[in-house]
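Work through the two exercises below with the sequence and the 3D structure at hand, and try each task before you read its solution.

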Amino acid sequence: MSKPYIYLDYAASAPERISSRNARAAYDAASYAGANPNSLHTPGRLARQALESARKTIAQSLQAHIHPQELYFTSGATESNNIAVMGLAQAARRIHPQRTRVIISAIEHESVLMLQRPLEDAGFTVCLLTPSATGVIEPSRLEAVMDEDVCVVSIMYANNETGVIMPIDKLAHIAHNYGAYMHTDAVQAYGHIPLELSHVDAVSIAAHKIGGPVGIGALMLRKHITIAPLIHGGGQEAGLRSGTQAVSLASAFAAAAEECTGSVCKTLPLLTKRAQTLHEGLVASRMFVPTTTISYEHEHTPLRLPNIVSVAHKTLDAQMIVLMLDNQGFGISSGSACTTGTTSSHTSSHVLVAQGFSKDEAARGIRISFDERVSHEDLDACMRTLIAL
Ligand code: PLP
């Protein structure tokens with residue numbers, strides 16, 4: 001009997017949880033499933049109730065006194081990031097015309113990095129903050145570039161390649177001291193660690209990173225902020241994101257959110273241990289080097305995501321490793337974002353380059369990502385396969 005394939009690319013997209021599938025099936029079986037939640041008739045109103053119940057559950061899962069009306073459904077984190085960064089920049093400039101500078105970090109996901117051009121076309125200038133060698137965006141670096149001309153600071157909660165967690169609360173305080181809005185792409189951190197979002201104005205999340213369905217995400221936007229939509233139409237989602245809402249997906253998203261955020265206290269220590277064992281084993285083999293010296297262990301606040309292991313091979317290109325591992329029944333990912341699934345001979349991770357690795361070193365970074373559903377034995381088998389390459 002051939003051995004089952006072991007998928008270890010949860011940070012790209014996690015397999016859908018049973019709770020999510022069950023919630024979707026339950027909604028789809030309801031007599032009003034498929035009704036438009038914006039319609040006045042009874043099935044429409046019942047669909048609206050289900051949508052609002054999902055909104056409330058997800059708002060609560062963010063644990064930051066977020067009112068459900070501050071949560072807007074989107075198609076995923078790319079859309080949430082686009083709406084937030086473009087929208088907040090324009091909203092700030094409308095009130096204070098001198099605010100024309102946007103600060104983002106050099107290690108953001110492409111859905112933020114690729115906004116540089118459209119922002120510049122719209123008359124903004126973009127300042128890229130580089131991380132320390134450990135991959136952290138240090139508050140002192142933000143402080144050094146802040147001034148009263150900044151409209152929005154957008155820095156991810158945790159990096160999708162290294163799993164390094166940023167000091168978001170401190171960064172948000174600095175942004176606010178200068179009157180700028182603070183947005184964070186919390187896609188990778190949400191559901192894996194407790195979040196501190198009290199001083200953040202806007203947050204992007206996506207269902208498929210926590211075992212919810214693909215195709216739905218959300219943007220949290222504080223109610224005192226009004227931003228212009230990117231998509232125009234029937235005015236759904238309080239006019240911010242027109243288009244009929246996917247109630248079935250929202251219900252499934254809520255179920256996954258409830259499961260993940262409700263069990264963080266249990267999964268955090270368990271996953272920290274698994275990540276640490278895998279990381280230490282790979283580095284001890286002398287075939288791999290760490291991509292950051294930040295430890296998985298923590299006393300109070302985690303500094304590194306417990307579900308991502310990031311290392312760089314000493315000689316082999318990451319894309320080659322991904323294909324070799326795939327051949328041996330393991331699905332891992334190259335650190336560098338192979339965003340459209342294409343391979344080119346030598347792609348360097350922009351995150352590792354920003355941390356100071358050479359282009360060659362940065363092309364050797366790999367990422368193994370999982371959640372509590374992946375066993376220690378499967379991670380161990382992957383480790384042994386990687387070491388034997
Ligand atoms: N932001 C981060 C940090 C990510 O890791 C990803 C996906 O990998 C995204 C945004 C984009 O998410 P989505 O595929 O839901 O648009």
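A polar contact is a pair of N or O atoms within 3.5 Å. Keep in mind that the model is predicted.

**Exercise 1.** Find which polar side-chain atoms and which backbone atom lie close enough to the ligand to count as polar contacts, given the cut-off of 3.5 Å.

*Solution.* Begin with the 14 residues around the ligand, of which Thr78, Asp185, Gln188, His208 and Lys209 come nearest. Next, take the side chains: a polar atom of Asp185 lies 2.6 Å from a ligand nitrogen atom, while a polar side-chain atom of His208 lies 2.9 Å from an oxygen atom of the ligand. Then turn to the backbone, where an N or O atom of Ala77 is found 3.0 Å from a ligand oxygen atom. The ligand taken alone exposes 390 Å², and the protein buries 85% of that. Finally, sort the shell around the ligand by character, which gives four nonpolar, eight polar and two charged residues; helix α3, residues 77-95, gives the most to this shell, with three residues.

**Exercise 2.** Determine which strands pair with strand β8, and in which sense, parallel or antiparallel.

*Solution.* First locate β8 at residues 217-221, where five of its five residues are buried. Gly217, Leu219 and Leu221 are buried on one side, and Ala218 and Met220 are buried on the other, which leaves both faces covered. Now look for partners: strand β2, residues 71-74, pairs with β8 in the antiparallel sense over four bridges, and Tyr72 has Leu219 as its bridge partner. Strand β7, residues 202-206, also pairs with β8 in the antiparallel sense, over five bridges, with Ala218 as the bridge partner of Ile205.

Key
Residues are numbered from 1 along each chain as its sequence is written. This is a predicted model: local features need pLDDT of at least 70, side-chain atom pairs count only at pLDDT 80 or more; totals for chains, interfaces and linings use all residues. Side-chain values use heavy atoms; hydrogens and water are left out. A residue is near a molecule or strand if one of its heavy atoms lies within 4 Å of it. A polar contact is a pair of N or O atoms within 3.5 Å; within protein, one must be able to donate a hydrogen and the other to accept it, and residues adjacent in sequence count only if both atoms are side-chain atoms. Accessible areas come from the Shrake-Rupley method with a 1.4 Å probe; for residues, only the protein chains shown count as cover. Helices (H or I, at least four residues) and strands (E, at least two) are DSSP runs, numbered from the N terminus. Ala, Val, Leu, Ile, Met, Phe, Trp, Tyr, Cys and Pro count as nonpolar, Asp, Glu, Lys and Arg as charged, and the others, Gly among them, as polar. Buried means under 20% relative accessible area, exposed over 50%, partly exposed in between (1.4 Å probe, protein chains only). Two strands pair if DSSP finds at least two bridges between them.
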